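Here's a quick briefing to read with the structure open beside you. Take a look at the fold before going through the bullets.

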Amino acid sequence: MEDYLKNNFELEAKRPSEEAQNRWRSAVWLVKNPRRRFRMVADLAKRAEIEKKRRRMQEKIRVALYVQKAALYFIDAVERTEKHKVPDEVKQAGFYISPDELALIVGTHDVKQLEYHAGPEGIAKKLSVSLKNGLSSTEIPTRQNIFGMNKFVEKPPRPFWMFVWDAMQDLTLIMLMVCAVISIGVGIATEGWPKGMYDGIGIILSILLVVLVTAISDYKQSLQFRDLDKEKKNISVHVTRNGSRKKVSIYELVVGDIVNLSIGDQVPADGLYISGYSLSIDESSLSGESEPANVAKERPFLLSGTKVQDGSGKMLVTSVGMRTEWGRLMVTLSEREEDETPLQVKLNGVATIIGKIGLVFAVLTFLVLTARFLAVKAINGQIRNWAINDALKLLNFFAIAVTILVVAVPEGLPLAVTLSLAFAMKKLMKDRALVRHLSACETMGSATCICTDKTGTLTTNHMVVTKIWICGEQKKVENYKPENVSEKVRKTLMHALFLNTGAEVVKGKDGKTEVLGSPTETALLEFGLLFERDFDAERDELKIIKIEPFNSVKKKMSVLVALQGGGVRAFVKGASEIILGMCDKMVGKNGESASISEEQRKNITNAINDFANEALRTLCLAYKDVEKTSNESIPDSNYTLVAVVGIKDPVRPGVKEAVQTCLDAGIVVRMVTGDNINTAKAIARECGILTGDGIAIEGSEIRDRSPEEMAEIIPKLQVFNMGVNS
């Protein structure tokens, strides 16, 4: 009985199950007036009815959602069919995707549509291009005809009359125009035709001369700058065509090209990422976002006009010219209004003051003469008697007042300034310096300091390895021969040069070997080719696992390779002071690894400083054998130093004379560079920038100075080394 009562009549105090409640109801079915007695308990029948209604509604909603989903799939399929419709001329050319659809996929970052086309590989198939070998040169005209050329529609040049109109906006000239009109009107009234027009016509001729000189000069310079701007935009890009890498003009780029990107490169067209290492893109020119965007397989979209901030990679060009995001943006951009120069501001101020003073004296003169005339008439009792001569006298008083106003405004001042600036512009043009606006001559004349970069500005940016430190010895490259070191050392050096590089060796049209890459990479590969001509054979010996491209912050480049006999080796190269700090061993004469003693480290540092004092850029090469791990990370310590190379970047002809000319004119020339401080000082001395009392300082050092110390240092600062994170 207890079990029966417990199972049927006992309920939990809180949230009893519906099954337990039903058992209790069944057990007490024979109760008098159950509606009243059980009024405080749940109505299970009503609850069951509500649950049935809820389930029926849920089923209806589920069916409606499935119907809606099916309808959306149907609509999407119809739209997709329309969207993916390929024009007949595109099909006949052998392509299976339209130019507009390609532009839409990349421009809107449409991952869904990209997946529909099977990713970059599927797009490449529909564009009939090999991701490995690239295009054939014979396909270029057909692709330009179907997908367009990589050129933007330029705005028409400003007509000559617009420059005339701009020249006439000068406040001084406007005042002179008003004076000319008044002078002609009063002159004709007082002196008659044509004598009364002489003064006014003289002013007008002066105005016309100023306007024409200014307008013609600005118009000619705008045409020259248009050509110069077109040439500046004609950058070279590295593409893969016919199975080899070559350099072509950005205007020759077509849809389907495989473009090689590295740090500092501008993305030349819209495209899709194929492969690469840690590719980071600066999209601030398009989106305004300061944070770089990481590009990978998951986010493969690359837009024209952006820049590679870090890493390297390959991209498949999908849109060129006006179909790119940059092309569409260029249509909406308008030229920025030019601000007034300091001289124009001062001249306008002077003209305004002179005009006001002249107007005050002109009005006072007219009032005094008129008052004197009226007083004389009043004394003679003729104040009510007026004749034509009296009116002419008043008009003559007004003419005197206008003459004062005209004389006060210096009509020769704008002409003198314009002619002097025009002569300055002609002199600058003889020195091969183009000036877009005449007023820039005046602004440039106010310069007291010039901050210049070193590489490519003061130097030719054509680098050559001239010295090397290896196996504890310094040697000149011209005297260095492969037999001077053991085969093992030579092999390690070649691997360090040929595997850890972002450059490539290709055959030119004439059959000659050509190195494509940055100047530093080119110098290192040209040095390596002196001892091993077969670049591809050396690279094919070992498999590259991972690459960390050169980074301007870390100042090094690393690569991880799999050795033939098993094992993994890391190679690193970069700024000498950074790489040397990562090394605790060095390569011996027989290729063995030996620990670096304090004395040897001092000798290596002295060798680096000797190279730098000879104006050589120094780089260290090192390697490390690592255990194979799943994360394939490249280590940052315990490397073995292979060599230190000294790269010569000759100073441009005429730089020393140009610097001396600036110094004679009272202009301070300062060098700003990220290179080794000793190299920078040596080149600064060679250029004449660094003098006896000048200061050369690194960024990390100047940051720690107080404002008072900086105020004392900056006037004498001649070489500034930005260093790492400066």
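What follows is a short tour, going from the whole chain to its cores, one helix and some strands.

Keep in mind that this is a predicted model. The protein chain has 27 helices and 22 strands, and 38% of its 726 residues are buried.

**Whole chain**

- Take the contacts in the protein chain with a separation of 6 or more: 67% of them are between residues 24 or more positions apart.
- The chain exposes about 41500 Å², and 56% of that area is supplied by carbon and sulfur atoms.

**Helix α8 and the largest nonpolar core**

- Helix α8 spans residues 119-126, and its buried residues are Gly 119, Pro 120, Gly 122, Ile 123 and Ala 124.
- The cover over those buried residues includes two helices, α6 (99-107) and α7 (111-116), along with the strands β4 (270-282) and β7 (307-319).
- After α8 comes Ser 128, which has a positive phi, near 55°.
- Which residues have the most contacts inside the largest nonpolar core? They are Ile 123, Leu 127, Leu 302 and Leu 316, in a core of 41 residues.
- Elements giving two or more residues to this core include the helices α6, α8 and α9 (140-147), and on the strand side they include β1 (236-241), β3 (258-261) and β6 (301-302).
- Strand β4 gives the largest share of this core, with five residues.
- Leu 302 makes a long list of contacts, even without residues up to four places away in sequence: Val 106, Leu 261, Val 267, Ala 269, Asp 270, Gly 271, Leu 272, Tyr 273, Leu 279, Ile 281, Val 295 and Met 315.
- Another core lies apart from this one; that core has 38 residues, among them Val 515, Ala 523, Phe 571 and Ile 647.

**Helix α20 and Glu 521**

- Helix α20 is mostly covered, with nine of its 11 residues buried.
- The buried set in α20 is Thr 520, Glu 521, Thr 522, Ala 523, Leu 524, Leu 525, Phe 527, Gly 528 and Leu 529.
- Is Glu 521, a residue of α20, buried or exposed? Its relative accessible area is 11%, so Glu 521 counts as buried, given that the cut-off is under 20%.
- The side chain of Glu 521 has a polar contact of 2.5 Å with the side chain of Lys 573.
- Lys 573 also turns up among the contacts of Glu 521 once neighbours within four places in sequence are left aside; the others on that list are Asn 500, Thr 501, Gly 502, Ala 503 and Met 557.

**The open four-stranded sheet**

- Four strands form an open sheet in the order β8-β20-β22-β21, and the pairing is parallel.
- At the edges sit β8 (449-452) and β21 (695-698), each pairing on one side only.
- From one strand to the next, the twist averages 20°.
- Three bridges link β20 (residues 668-673) with β22 (residues 717-721) in the parallel sense, and Met 671 sits opposite Val 719 in β22.
- Val 672 is in β20 and is partly exposed, at 26% relative accessible area.
- Although Val 672 and Met 722 are 50 residues apart along the chain, their C-alpha atoms are separated by 7.1 Å.
- Beyond residues up to four places away in sequence, Val 672 touches Cys 451, Thr 452, Asp 453, Lys 454, Phe 720 and Met 722.
- Thr 673, also a β20 residue, counts as buried because its relative accessibility is 3%.
- Leaving out neighbours within four places in sequence, the contacts of Thr 673 are Asp 453, Lys 454, Ala 680, Phe 720, Asn 721 and Met 722.

**Strand β19 and its partners**

- Strand β19 (residues 639-648) is mostly covered: nine of its 10 residues are buried.
- How many bridges join β9 (residues 464-470) to β19? There are six, and the two strands run antiparallel; in β19, Gly 646 is the residue opposite Lys 467.
- Strand β16 (residues 583-587) pairs with β19 in the parallel sense, over three bridges, and Lys 585 stands opposite Thr 640 of β19.
- Strand β18 (residues 616-626) is joined to β19 by eight bridges and runs antiparallel to it, with Leu 621 opposite Ala 643 of β19.

Conventions
Residues are numbered from 1 along each chain as its sequence is written. This is a predicted model: local features need pLDDT of at least 70, side-chain atom pairs count only at pLDDT 80 or more; totals for chains, interfaces and linings use all residues. Side-chain values use heavy atoms; hydrogens and water are left out. Buried means under 20% relative accessible area, exposed over 50%, partly exposed in between (1.4 Å probe, protein chains only). Contact means heavy atoms within 4.5 Å. Accessible areas come from the Shrake-Rupley method with a 1.4 Å probe; for residues, only the protein chains shown count as cover. A nonpolar core is a set of buried Ala, Val, Leu, Ile, Met, Phe, Trp, Tyr and Cys residues joined through side-chain atoms within 4.5 Å. A polar contact is a pair of N or O atoms within 3.5 Å; within protein, one must be able to donate a hydrogen and the other to accept it, and residues adjacent in sequence count only if both atoms are side-chain atoms. Two strands pair if DSSP finds at least two bridges between them. Axes are lines fitted to C-alpha atoms, for helices over the stretch in contact, and angles run from 0 to 180 degrees between N-to-C directions.
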